[in-house]
Amino acid sequence: MTRMTPFSNPLLLGFDTMEKTLERVAKSGDSYPPYNIERLASGENGGHRLRITLAVAGFAESDLDVSIEENQLVVRGKQVDDGERDFLHRGIAARQFQRIFVLADGMRVTGAALTNGLLAIDLDRPEPERLVKKINILVKD
């Protein structure tokens with residue numbers, strides 16, 4: 001039996017990678033660290049502006065890594081467990097995380113800032129140019 005997917009329409013060409021990305025996103029269930037995504041006022045170029053804010057209390061700037069890998073924004077955090085301390089009670093664990101956001105074509109990261117335990121990552125997508133390209137038809141006898 002063949003599985004029907006939203007991208008199985010024969011008029012949608014080249015969307016198989018998007019389908020795989022959607023399946024991968026649906027399987028990721030980790031909720032740490034918590035985050036917000038907000039829409040900011042449009043810039044002067046009329047595009048979209050977004051801000052992703054992650055709650056990373058206890059992480060220093062040197063513990064965090066923000067990178068773009070292909071079409072994904074990857075945020076990693078790694079805390080080193082200090083073995084020299086003698087805890088009577090340990091309720092705050094040193095943990096690491098990796099949070100991945102899939103970016104649409106044209107999205108770009110404009111900056112990142114760490115303030116009061118919140119990591120804010122700003123993104124924008126300028127309004128794309130409307131491109132119309134005429135395709136010549138070759139006639140063979």
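Is Glu-69 buried, partly exposed or exposed, and what is its relative accessibility? Glu-69 counts as partly exposed, because its relative accessibility is 35% and the partly exposed class lies between the 20% and 50% cut-offs. The structure shown above is a predicted model, and this briefing looks at an open sheet of four strands and at the salt bridges, of which a search of the whole structure finds four.

**The sheet**

- The four strands of the open sheet follow the order S1-S2-S7-S6, and their pairing is antiparallel.
- At the edges of this sheet are strand S1, which covers residues 35–40, and strand S6, which covers residues 108–115, and each of these two pairs on one side only.
- From one strand to the next, the twist averages 20°.
- Strand S6 is joined by seven bridges to strand S7, which covers residues 118–125, and these two strands run antiparallel.
- Within this part of the sheet, Thr-115 stands opposite Leu-118, a residue of S7.

**Salt bridges between strands**

- Asp-122 forms a salt bridge with Arg-51, and the closest N and O atoms of the pair are 2.5 Å apart.
- Because Asp-122 lies in strand S7 while Arg-51 lies in strand S2 (residues 48–55), this pair ties together parts that are 71 residues apart in sequence.
- Arg-51 counts as partly exposed, since its relative accessibility is 26%.
- Asp-124 forms a salt bridge with Arg-108, with the closest N and O atoms 2.8 Å apart.
- This second pair links distant parts of the chain, as Asp-124 is in strand S7 and Arg-108 is in strand S6, 16 residues apart.
- The partners in this pair fall into separate classes of accessibility: Asp-124 counts as buried at 12% relative accessibility, whereas Arg-108 is partly exposed, with a relative accessible area of 41%.
- Asp-124 is called buried because its 12% falls under the 20% cut-off for that class.

**The salt-bridge network around Glu-69**

- Glu-69 also forms a salt bridge, in this case with Arg-76, and the closest N and O atoms are 3.1 Å apart.
- Arg-76 is partly exposed, with a relative accessible area of 28%, and its partner Glu-69 likewise counts as partly exposed, at 35% relative accessibility.
- Glu-69 and Arg-76 belong, together with Asp-65, to a network in which the three residues are linked by salt bridges.

Key. Residues numbered from 1 in each chain as written. Predicted model: local features only at pLDDT ≥ 70, side-chain atom pairs only at ≥ 80, totals over all residues. Heavy atoms only, no water. Pairing = 2+ DSSP bridges. Axes fitted to C-alpha atoms, helices over the stretch in contact; angles between N-to-C directions. Salt bridge = Lys/Arg side-chain N within 4 Å of Asp/Glu carboxyl O. Buried < 20%, exposed > 50% of the residue type's maximum accessible area, 1.4 Å probe, protein only.
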